[in-house]
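Biologist: Could you take one part of this protein and give me a close look at it, side chain by side chain? I'd like the aromatic residues, with enough of the surroundings to place them.

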Amino acid sequence: MSTGFFKNRSRNGAEGPGHLLRCRLCRGELYPGDPYFALEGRTVCEDCIGRYARYYFAHRRRRVGRDEGEDRRGTL
């Protein structure tokens, strides 16, 4: 998780220092008030939560009619 500080950078144009987080997957900036997920020490934005979940649960993915464990892919 990257943290830092910025000045004069907010969505509403307000000036001043603020806390900055970055999504672990897309590296997008998260501004004050933005929702995010704190998962196992990682910061994940709302746009990336589906990708994170797919990777996290990849080992449980199955296909109907195939043997268990035959199709286990999961990359970010």
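Modeller: A word on counting first: helices here are DSSP runs of H or I with at least four residues, strands are runs of E with at least two, and both are numbered from the N terminus. Counted that way, the protein has one helix and five strands. Going along from the N terminus, the order is β-β-β-β-β-α. Keep in mind that this is a predicted model. The protein has 76 residues, and 24% of them count as buried.

Now to the aromatics. The count comes to two aromatic pairs. One of them is Y52 with Y56, a stacked pair with 6.0 Å centre to centre and 20 degrees between the planes. Both residues sit in helix α1, which covers residues 49–56, and being four residues apart there puts about one helical turn between them. What about cover? Y52 is buried at 8% relative accessibility, while Y56 is partly exposed at 36%. Y56 also pairs with F57, and here the geometry is edge-to-face: 4.9 Å centre to centre, with 85 degrees between the planes. F57 itself comes out as partly exposed, at 45% relative accessibility. Put together, Y52, Y56 and F57 make up one aromatic cluster.

Let's step back along the chain to a pair of cysteines that you may well be eyeing. The structure holds zero disulfides. For C45, the closest cysteine sulfur belongs to C48 and lies 3.6 Å away, which is too far for a bond. A disulfide needs the two sulfurs within 2.5 Å. Seen from the other side, C48 has C45 as its closest cysteine sulfur, at that 3.6 Å. Both cysteines have cover: C45 counts as buried at 9% relative accessibility, and C48 counts as buried at 7%.

Further back comes the hairpin. β4 (36–39) and β5 (42–45) have E40 in the loop between them. The two strands run antiparallel and are joined by four bridges. If you want one position to look at, A38 stands opposite T43 in β5. The hairpin has two residues between its strands, and E40 is in that turn. E40 has a phi near 50 degrees, a positive value in a residue other than glycine. That deserves a second look because most residues other than glycine have a negative phi. As for cover, E40 is exposed, with a relative accessible area of 55%.

There is another residue of that kind earlier on. R27 has a phi near 65 degrees, again positive and again not a glycine. You'll find R27 in the loop between β2 (18–22) and β3 (29–30). R27 counts as partly exposed, at 37% relative accessibility.

β3 also brings us to another tyrosine, by way of a few polar contacts. E29 lies in strand β3, and E29 is buried with a relative accessible area of 18%; the limit for that label is 20%. The side chain of E29 makes a polar contact of 3.3 Å with the side chain of R22. The E29 side chain also has a polar contact with that of Y31, at 2.5 Å. Y31 turns up once more through its backbone: its nitrogen lies 2.7 Å from a polar atom of the D34 side chain. D34 is in the loop between β3 and β4 and counts as buried, at 16% relative accessibility. So if you start at Y31, you can follow one polar contact from its side chain to E29, and then go from its backbone nitrogen to the side chain of D34.

Last, two figures for the protein as a whole. It exposes about 6,000 Å², and carbon and sulfur atoms supply 46% of that. Among the contacts between residues at least 6 apart in sequence, 12% join residues at least 24 apart. If you have the viewer open, I'd centre it on Y56, which stacks with Y52 and meets F57 edge-to-face.

Terms used: Residues are numbered from 1 along each chain as its sequence is written. This is a predicted model: local features need pLDDT of at least 70, side-chain atom pairs count only at pLDDT 80 or more; totals for chains, interfaces and linings use all residues. Side-chain values use heavy atoms; hydrogens and water are left out. Buried means under 20% relative accessible area, exposed over 50%, partly exposed in between (1.4 Å probe, protein chains only). Contact means heavy atoms within 4.5 Å. Accessible areas come from the Shrake-Rupley method with a 1.4 Å probe; for residues, only the protein chains shown count as cover. Rings of Phe, Tyr and Trp (its six-membered ring) pair if their centres lie within 6.5 Å; planes under 30 degrees apart count as stacked, over 60 as edge-to-face and the rest as tilted. A polar contact is a pair of N or O atoms within 3.5 Å; within protein, one must be able to donate a hydrogen and the other to accept it, and residues adjacent in sequence count only if both atoms are side-chain atoms. Two strands pair if DSSP finds at least two bridges between them.
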